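Hi,

Here is the structure I promised to pass on. Have a look at it first, and then read on for what turned up.

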Amino acid sequence: QVQLVESGGGLVQPGGSLRLSCAASGIISSIYSMGWYRQAPGKQRELVATITSSGTTNYADSVKGRFTISRDNAKNTAYLQMDSLKPEDTAVYYCKADGVRVFTTTLNDCWGQGTQVTVSS
């Protein structure tokens with residue numbers, strides 16, 4: 001019923017920037033929260049940033065001041081602007097949506113397939 005598709009990942013040098021996008025598709029009335037998570041090899045998936053429909057944001061300490069999350073509610077799309085990237089930011093980045101209103105149903109824990117971000121010289 002709901003599909004999340006991430007894009008924008010790739011290879012970037014330390015200190016560089018990337019912008020990730022996450023587009024939610026389906027017969028969606030609204031989405032309460034959209035967020036980005038990441039998983040590095042051998043590590044657990046961790047929160048990067050979230051944003052509510054009203055614009056309230058939350059960031060992991062490790063990315064504060066470097067990453068910016070935003071969203072376009074009309075397009076059901078979230079973005080993650082990543083600046084001053086470090087090798088330790090290397091991971092698969094996943095988009096997640098909660099409170100997805102589809103007709104009379106509310107869906108939670110909707111995940112995208114992930115996009116690889118590699119920070120290396």
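Which residues does Asp 98 touch, not counting residues up to four places away in sequence? Keep in mind that this is a predicted model. The contacts of Asp 98 are Ile 31, Tyr 32, Ser 33, Leu 107, Asn 108 and Asp 109. Asp 98 sits in strand E9, residues 91-102. With a relative accessible area of 18%, Asp 98 counts as buried, because the cut-off is under 20%.

Next, strand E12 and its partners. E9 pairs with E12 in the antiparallel sense, over three bridges, and Val 92 is found opposite Gln 116 of E12. Strand E2 (residues 10-12) also pairs with E12, but in the parallel sense, again over three bridges. There, Leu 11 stands opposite Thr 118.

The side chains along E12 (residues 115-119) alternate. Thr 115, Val 117 and Val 119 are buried and point to one face, whereas Gln 116 and Thr 118 point to the other face and are not buried. That fits the general picture, since side chains in a regular strand alternate between the two faces of the sheet.

Val 117 deserves a look of its own. Its relative accessible area is 0%, so Val 117 is buried. Leaving aside neighbours within four places in sequence, Val 117 is in contact with Gly 9, Gly 10, Leu 18, Leu 20, Met 82, Asp 89, Thr 90, Ala 91 and Tyr 93. From Val 117 to Gln 39 the C-alpha to C-alpha distance is 10 Å, with their positions 78 residues apart in sequence.

Now the rings. The count comes to two aromatic pairs. In one of them, the ring centres of Tyr 37 and Trp 111 are 5.2 Å apart and the planes are at 65 degrees, so this pair is edge-to-face. Distant parts of the chain are linked here: Tyr 37 is in strand E4 (residues 30-39) and Trp 111 in strand E11 (residues 110-111), 74 residues apart. Tyr 94 and Trp 111 form an edge-to-face pair too, at 6.4 Å centre to centre and 85 degrees between the planes. Tyr 94 belongs to strand E9 and is 17 residues from Trp 111.

Together, the ring pairs join Tyr 37, Tyr 94 and Trp 111 into a cluster. Within this cluster, Tyr 37 is buried at 18% relative accessible area and Tyr 94 is buried at 14%, while Trp 111 is partly exposed at 32%.

Two arginines also sit over rings. Arg 45 lies over the face of Trp 111, 4.6 Å from the ring centre, and Arg 19 lies over the face of Tyr 79, at 4.1 Å.

Cheers

Methods
Residues are numbered from 1 along each chain as its sequence is written. This is a predicted model: local features need pLDDT of at least 70, side-chain atom pairs count only at pLDDT 80 or more; totals for chains, interfaces and linings use all residues. Side-chain values use heavy atoms; hydrogens and water are left out. Helices (H or I, at least four residues) and strands (E, at least two) are DSSP runs, numbered from the N terminus. Buried means under 20% relative accessible area, exposed over 50%, partly exposed in between (1.4 Å probe, protein chains only). Contact means heavy atoms within 4.5 Å. Two strands pair if DSSP finds at least two bridges between them. Rings of Phe, Tyr and Trp (its six-membered ring) pair if their centres lie within 6.5 Å; planes under 30 degrees apart count as stacked, over 60 as edge-to-face and the rest as tilted. A charge sits over a ring if NZ of Lys or CZ of Arg is within 6 Å of the ring centre and within 35 degrees of the ring normal.
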